[in-house]
Amino acid sequence: MLIFICVTWLSWRSFVVEEEDSSYFKDHTNIYVLVYIVKVTCYLARLPFSFEVFLGFFFYNPFATEIKTQNDYNKETTNHTLLFRVVTRGLFPDLVRNTLKRNMEMIENVGIKHYMFEVVTNSKIGLNPYKRLREVVIPINYVTPKGSLYKARSLQYCLEPHINKLKDNDWIIHLDEETLLTKDIIHGIIQFTRENEFQFGQAVTKFADEDIINWVTTFGDIHRVGADYGHLRNCLKCFNITFDNWRGNFLVSKLAAEREITFDFGPNGSITEDCTFGMVAASKGYTFGFVNGEVWEKSPFTVYDFIKQRQRWIKGVILSLTIQRNTI
């Protein structure tokens, strides 16, 4: 951000000064040469990513209807369970309840029979008991072998033998507390898990299909939708691997593979545990696929939260690279 502000100011300054006094540029040639080198470097650094986004849109139609219909699924049988796991700190219980209610209603409307919802929380929410709903409260004194923190600690707790109730061929769909499922993504999940070609999958996340809380932060996230349709989809469909775009707000994971990788990466791998997980999984030879459909998400509610989120991502990705190198 600081580099962007400096480059913008100096570019404007050079334009204004050149109009007023052309000799000023001659006296500060080194400064402006440096400014333009930085500008060109920034453009060139984005070229590989932009090219991959182009390939994603060129080879894969974002409006294609590849998802089976509901009737097709009702004719098939299944031998695995879909567990929708929501991890939260428990600070916003009403948000969790409302999101949970909407997602469960959507799944019931589609007609899935073998599914469960699991809410993993640091603070007890007090959800109403239901045969397809389970609330897991993380003990305060729980410590992972490597000392993982935050969400990674919660996810690792769910893999403990006395907590996990799934079989190796079951699937976990990881969600954030505000992630909303759509009809298409539910059909895409069923399609992805039935084909059983890849161990992990991810889909497009959209940010402006619900009520917009903050227009500034929402505009800041809009480019991620295009990146998902281009960059993410090209990586997963063409190469079946993830690079720097693995996120935990929606992740389809086969239990057997997830249990082998674990989420216990230590404190350094806990800041962006989703990115660390993707890197370690790729280094172990696991493959990734694209899940047809989309999920809805909300952008941070304030600009301050938006900036803090990006700072955490940058720091976490850098630390994840060290974790992945040590793992290899």
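With 55% relative accessibility, F59 counts as exposed, because the cut-off for exposed is over 50%. Keep in mind that you're looking at a predicted model. Below, we start with F59, then turn to a buried residue, and finish with a pair of packed helices.

**F59 and its surroundings**
- F59 sits in helix α3, which covers residues 29–59.
- On the surface, F59 joins F51, F54 and F58 in a nonpolar patch.
- Taken together, these four residues have about 500 Å² of accessible area.

**T88, a buried residue**
- T88 belongs to strand β1, made up of residues 82–88.
- Its relative accessible area is just 4%, so T88 counts as buried; the cut-off here is under 20%.
- Leaving out residues up to four places away in sequence, T88 touches V96, V119, V120, T121, N122, I125 and E177.
- Going by sequence, T88 and K151 are 63 residues apart, yet in space their C-alpha atoms are 8.0 Å apart.

**Helices α5 and α7**
- When two helices pack together, we describe them by the angle between their axes and the distance between those axes.
- Here, α5 (residues 93–110) packs with α7 (residues 183–195) at an angle of about 65°, and the axes are 10 Å apart.
- On the α5 side, the contact is made by M106, I107 and V110, while α7 brings in K183, I186 and H187.
- As for handedness, α5 passes α7 in a right-handed crossing.

Definitions and conventions. Residues are numbered from 1 along each chain as its sequence is written. This is a predicted model: local features need pLDDT of at least 70, side-chain atom pairs count only at pLDDT 80 or more; totals for chains, interfaces and linings use all residues. Side-chain values use heavy atoms; hydrogens and water are left out. Patches are made of residues with over 30% relative accessible area and no salt bridge: like charges are joined within 9 Å, nonpolar side chains (Val, Leu, Ile, Met, Phe, Trp, Tyr) within 5 Å. Accessible areas come from the Shrake-Rupley method with a 1.4 Å probe; for residues, only the protein chains shown count as cover. A salt bridge is a side-chain nitrogen of Lys or Arg within 4 Å of a carboxyl oxygen of Asp or Glu. Helices (H or I, at least four residues) and strands (E, at least two) are DSSP runs, numbered from the N terminus. Buried means under 20% relative accessible area, exposed over 50%, partly exposed in between (1.4 Å probe, protein chains only). Contact means heavy atoms within 4.5 Å. Axes are lines fitted to C-alpha atoms, for helices over the stretch in contact, and angles run from 0 to 180 degrees between N-to-C directions. A crossing is left-handed if the near helix is turned anticlockwise from the far one by less than a right angle, and right-handed if clockwise.
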